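User: I am new to this structure and would like to go through it in a few questions. Please show it to me before we begin.

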Amino acid sequence: MTAFSCNHRPDILQKLTTEHFDLLIIGGGITGAGIALDAASRGLKTALIEKRDFAFGTSSRSTKLIHGGLRYLKQLEFGLVKEVGSERAVVHRLAPHLVVPEKMLLPLSDKKGLGYWLTSAGLKIYDWLAGVAPEDQRRMLSKVQTLKYEPMLRSEDVKGGAIYAEYRTDDARLTIEIVKEAFHQGATILSYACAVDFVYDGGNVSGVQVEESYTKEKFIVNASVVVSAAGPWVDELRVINKSKTGKRLHLTKGVHIVVAHQRLPVKQAIYFDVDDGRMIFAIPRGQITYIGTTDTNYEGDKDHVWATLQDAQYLVNAVNATFPDARLTIEDIESSWAGLRPLIHEEGKSASELSRKDEIFESPTALISIAGGKLTGYRKMAERVVDLVIKKHFSDKHFKACKTAQIRFGGHHFGTTKDVRKFKESLYPRAGALGFQDSVTNYLVENYGMEAEHIIAQADADLSSLENALRLIRSELSHCIDKEMVCTLCDFFIRRTGMIYFDIYRVIKWKKIVSEIFQERFRWSAQRMKMEQEELDTALLKVRNFH
Ligand code: FAD
């Protein structure tokens with residue numbers, strides 16, 4: 001089988017242009033990736049095109065939680081909470097190294113939020129809807145207990161608290177792992193390939209005209225069914241398809257800021273109330289804490305979404321109101337990200353009130369579009385779409401039932417979290433001999449699963465005189481180029497490693513040398529090299545400088 005590498009683009013292009021597919025998916029975010037895996041594993045001949053890198057859109061800019069959406073209970077969205085809440089345990093089982101249990105602290109006060117008894121009842125319903133195991137169910141806390149969990153909270157505001165179960169993940173990694181698994185199940189997948197028009201046969205969509213990002217060459221991909229999973233761009237494609245009638249998307253922007261953990265040394269993830277009635281997360285992760293999110297209407301450029309000074313200041317103020325000793329300032333912000341929620345517009349509702357439910361649109365020319373939903377619910381959304389595709393277009397054929405609840409991804413055979421821990425421990429000595437702390441091994445295992453062993457071994461086998469840290473990043477990069485379709489500097493530093501968010505000083509330190517490795521591996525021209533470096537430099541500037 002062809003490796004999932006940018007070096008094999010010609011082979012993939014050849015397949016896309018010469019073969020006929022049962023299903024072509026537009027968009028390589030979590031939704032498109034999930035549909036590709038579901039369809040390919042049921043036996044549909046499947047293709048997926050993504051205009052930039054996988055998870056370029058919202059799927060690399062979320063809060064990075066696999067969560068049931070506690071706040072949706074307030075909006076009485078019981079169906080949504082039940083579905084995504086139950087999915088948490090499924091996605092954790094499929095990738096226990098990447099979807100990690102994380103207890104969430106919910107401080108309670110008299111002035112904000114629902115109060116002690118309503119929260120207690122709400123969390124009980126939350127656990128019940130999601131079928132949370134008894135040992136993981138919510139625990140209500142006294143004021144003293146809450147402050148013991150988090151001494152930085154403003155003591156006079158705290159009346160009590162609660163601890164409940166959620167999971168943390170890396171959204172872009174989750175997406176790429178599902179994309180890779182779809183590829184291994186037979187899907188034909190290409191990034192940097194933009195759908196620019198539709199092709200019709202007898203009045204129905206029968207394919208897509210695609211533009212390759214670098215050569216600008218156009219080609220046609222033929223398919224019996226086309227599904228648009230283009231997230232915030234769904235309506236653009238509906239316009240091209242002349243089917244943007246009735247319901248439409250309503251985009252809202254959500255921003256996260258990143259500070260050094262020592263500037264906000266929360267002991268665990270916290271979900272706290274803000275004066276304007278919203279709720280915000282503060283989540284510790286290695287050497288940093290990230291805080292988010294905002295929720296404001298957005299009508300700007302969807303390809304370049306960044307945090308503004310106003311967004312950053314809102315989050316800084318929220319932190320300072322809740323953790324008075326933090327005294328955060330804008331200057332403390334090391335990095336940030338901003339994403340767009342592709343929600344379904346409802347007349348008269350504000351950004352925060354809009355439903356997070358997904359919605360499927362079918363156009364008169366048989367284009368299927370899906371938008372809305374949550375990262376957490378990707379698998380069920382995919383199942384609904386593929387069921388619809390089969391029912392409408394392949395009722396005369398026999399395809400297997402959905403089996404994605406059984407398909408593990410991420411190159412692992414971990415049964416449980418305990419296996420992940422044992423695996424990490426088995427790697428500590430080898431990584432330690434190269435001078436790496438356990439936290440480096442933890443990062444590699446959480447990102448790459450069992451492939452972490454290979455990455456460490458490659459660094460170990462590198463006989464060059466380079467310093468160990470550079471040998472490791474070289475090995476990591478090789479892995480991402482050879483097996484994870486990394487094509488650009490930003491693919492590597494933003495979406496495969498998350499380094500621009502969680503370890504920005506390492507990006508600054510290694511960007512030059514990494515770009516030289518890229519140039520050597522891909523024989524980039526001087527012009528391409530300059531373009532790539534400028535794109536990374538722009539990202540480095542935008543995540544830290546607000547206007
Ligand atoms: P996207 O990820 O945007 O993917 C669409 C893709 O289509 C993009 O990669 C884009 O490049 C591509 N595309 C567009 N046009 C074309 C074209 N013409 N040709 C080819 N490709 C095209 N959910 C959770 O479960 N947990 C959370 O913690 C969470 N936090 C969130 C926080 C924020 C701030 C936001 C904004 C959302 C959050 N969500 C969360 C929701 C979740 O992130 C989204 O529901 C999900 O990522 C949407 O994925 P998608 O694949 O539909 O869209």
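Analyst: A nitrogen atom of the ligand lies 2.9 Å from a polar backbone atom of Ala195, which fits a polar contact (a pair of N or O atoms within 3.5 Å; within protein, one must be able to donate a hydrogen and the other to accept it, and residues adjacent in sequence count only if both atoms are side-chain atoms). This is a predicted model, in which local features need pLDDT of at least 70 and side-chain atom pairs count only at pLDDT 80 or more, while totals for chains, interfaces and linings use all residues. Residues are numbered from 1 along each chain as its sequence is written, and side-chain values use heavy atoms, with hydrogens and water left out.

User: What share of the ligand's exposed area does the protein bury?

Analyst: Accessible areas come from the Shrake-Rupley method with a 1.4 Å probe. Taken alone, the ligand exposes 1000 Å². Of that area, the share buried by the protein is 97%.

User: How many residues surround the ligand?

Analyst: A residue counts as near the ligand if one of its heavy atoms lies within 4 Å of it, and Thr31, Glu50, Ser59, Leu65 and Thr376 are the closest. By class, the shell has 15 nonpolar, 17 polar and 6 charged residues, where Ala, Val, Leu, Ile, Met, Phe, Trp, Tyr, Cys and Pro count as nonpolar, Asp, Glu, Lys and Arg as charged, and the others, Gly among them, as polar. The number of residues surrounding the ligand is 38.

User: Which residue forms a salt bridge with Glu212?

Analyst: A salt bridge is a side-chain nitrogen of Lys or Arg within 4 Å of a carboxyl oxygen of Asp or Glu, and the closest N and O atoms of this pair are 2.8 Å apart. Glu212 lies in strand β9 (residues 204-212) and its partner in helix α1 (residues 9-18), so the pair ties together parts that are 203 residues apart in sequence; helices (H or I, at least four residues) and strands (E, at least two) are DSSP runs, numbered from the N terminus. Glu212 is buried, with a relative accessible area of 7%, where buried means under 20%, exposed over 50% and partly exposed in between (1.4 Å probe, protein chains only). The partner of Glu212 is Arg9.

User: Is Lys512, which meets Glu516 in a salt bridge, buried or exposed?

Analyst: Glu516 and Lys512 are 4 residues apart in helix α17 (residues 504-522), about one helical turn. Glu516 is partly exposed at 34% relative accessible area. With a relative accessibility of 56%, Lys512 counts as exposed.
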